[in-house]
Amino acid sequence: MTQNCLSHDKPISRRDRSMHSFNQAKDQLNDLIQRYRTQADFIAIRLESSEGADVMLRGQTLETLSKGLAIGGQVRVCHKGGWGFASFNRLDRLADRVEEAIAAAKLVGHETTQLAAIDPVQTIYQIPTPQGDPRQISLATKKRLCEDYAALLRSYDPKIATVTVRYGDSTQRMLLTTSEGTMLEQTWSDMEMRFAATARDGDMVQTGRETVGTRQGFEDLRGLEAQVKGAAQRAVDALKLPSVKGGTYDVVIDPILTGLFVHEAFGHLSEADMAYESPDLMETMSLGRRFGPENLQIFDGASVPGHRGSYGYDDEGVPATNTQLIHDGTLVGRLHSRETAGKLGENPTGNARCLNYHYPPIVRMTNTWIERGETPVKDLFSGIREGVYARNWLGGMTNGEMFTFTAGEAWMIRNGELAEPVRDVTLSGNAFKTLSDIEGIGDDFFWDESGGCGKGGQSGLAVGCGGPSLRIRNIVVGGEAA
């Protein structure tokens, strides 16, 4: 993507001083689109308001307590394959921003605009919050909830040295108007809490973490005492555990690690902008290529209701879909924006997303999952003479098709049975080889709503991950040298 960006980002805190209401703005945005539509191949104007709260406790210190409103927008223009982008905070200067974006697109556009065709939409879509609109909950209530969870972490065990609790919510209302006739209004809320407990015994330090996210409402963040205690317990228990002996093992992972793996190690490779900008990856990710066993099914989709990556339309006005990426072990699909779909001659999938109006939409995952299998979970351990069972995650990183993840907790498997718990378990490998080394797919399934995805400088985009337990052979497990 060839793009020229201009920015005019000076947020104004009061809605009535910075912009008209959305209803008042609709006519103005449409008038501007009509005035300039013949000067470029494609024009989109996005207007957005965002209300949110942020609370952070470290130890017994309140480090953050804030509530804010941000209002602004963006102009995207495509002309002869080149993109111009400008952000704004004043509607009375919007015409200037449109002209700047058009000029920027014309500076870099020297090819043919290729955007997959879609039907224009004119609708209002709101994702419901049946468990409570966070805007209706006072900041004091959110602060008390954090304090209660922090106190629970601190009191769990004398070895707990440091605790951190963070709460964040954001409600976004977006209006998208395009030169093709789309007039889309969409509203959603997203909430997240993060908990961390660090235990210390002499020079030994271990940390347990837990993250909970939801788009269903504030009440989903109450009643998390068991998960909060679990983070503290994992930190304390790890102090006295032996490190795993490094080596190559047959491994069983739980659904949370499965979700992390399918998102980080495979999902990003399925984002078509990465493929068409890299001939080598395009060849590797050729449709029809076999990557895993015949019972392996992988999907991504925002039309699955109720999850953090769910919505009605993406940020280009494309309806949400469910896209099968792997069918019976074979690559059959990838994720698209309108541009990547147009350039590759494929159908748009509704995966163009931006974090907020400061950034242009790029190809992003939504909810990514491996379909449930048929093997009883207990049978995944059968026949493993010496292996590792890993659950949950502390962190991880990917570099292209290579990955390394750190498990939140782990046990040795000996003669098909769980044995002693171990710590410092990292799982490393090549995504494609790991897919081909899947030996068993469990009959369980779990959605992990703790994800915040980063790409292209846009970090913290809400996503969902899911899957069953998996048995995988020949995983490199790091720990103490064998």
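This passage describes the overall fold, the nonpolar cores and selected residues of a predicted model.

The protein chain contains ten helices and 23 strands. Its radius of gyration is 24 Å, close to the 23 Å that the globule rule gives for 482 residues, so the chain is as compact as a globular protein of that length. Along the principal axes, the C-alpha atoms occupy a box of roughly 75 × 55 × 35 Å. Buried residues make up 55% of the 482. Contacts between residues at least 6 apart in sequence were also examined; 75% of them join residues at least 24 apart.

The exposed area of the protein chain is about 20,200 Å². Carbon and sulfur atoms supply 46% of that area. The chain carries 51 positive and 63 negative charges. The mean positions of these two sets lie 5 Å apart.

In soluble globular proteins, nonpolar side chains tend to be buried together. In this model, the largest nonpolar core has 42 residues. Ile-298, Val-388, Val-425, Leu-435 and Val-477 touch the most other members. Several elements each supply at least two residues of this core, including strand 9 (247-253), strand 11 (322-327), strand 16 (386-399) and strand 17 (402-414). Helix 10 (431-436), strand 20 (438-441) and strand 23 (470-478) are also among them. Helix 6 gives the most, with six residues. Another core, of 27 residues, lies apart from the largest one. Its members include Val-55, Leu-145, Leu-221 and Ala-232.

Leu-435 illustrates the packing around one core residue. Beyond its neighbours within four places in sequence, Leu-435 contacts three phenylalanines, Phe-261, Phe-266 and Phe-291. Its other partners are Gly-292, Pro-293, Leu-296, Ile-298 and Ile-326. Of these, Ile-298 is itself listed with Leu-435 among the residues that touch the most other core members.

Two further residues were considered individually. Ile-71 belongs to strand 3 (residues 61-79). Its relative accessibility is 4%, so Ile-71 counts as buried. Ile-71 and Lys-106 are 35 residues apart in sequence, and their C-alpha atoms are 28 Å apart in space.

Gly-350 sits in the loop between helix 9 (338-344) and strand 13 (352-353). This loop residue has a relative accessibility of 2% and therefore counts as buried, the cut-off being under 20%. Not counting residues up to four places away in sequence, Gly-350 touches Tyr-311, Asp-314, Val-318, Pro-319 and His-336. Arg-200 is 150 residues from Gly-350 along the chain. The C-alpha atoms of the pair are separated by 47 Å.

Methods:
Residues are numbered from 1 along each chain as its sequence is written. This is a predicted model: local features need pLDDT of at least 70, side-chain atom pairs count only at pLDDT 80 or more; totals for chains, interfaces and linings use all residues. Side-chain values use heavy atoms; hydrogens and water are left out. Helices (H or I, at least four residues) and strands (E, at least two) are DSSP runs, numbered from the N terminus. The radius of gyration is taken over C-alpha atoms; the globule rule is 2.2 Å times the number of residues to the power 0.38. Buried means under 20% relative accessible area, exposed over 50%, partly exposed in between (1.4 Å probe, protein chains only). Contact means heavy atoms within 4.5 Å. Accessible areas come from the Shrake-Rupley method with a 1.4 Å probe; for residues, only the protein chains shown count as cover. Lys and Arg count as positive and Asp and Glu as negative; His and the chain ends are not counted. The place of a charge is taken as NZ of Lys, CZ of Arg, CG of Asp or CD of Glu. A nonpolar core is a set of buried Ala, Val, Leu, Ile, Met, Phe, Trp, Tyr and Cys residues joined through side-chain atoms within 4.5 Å.
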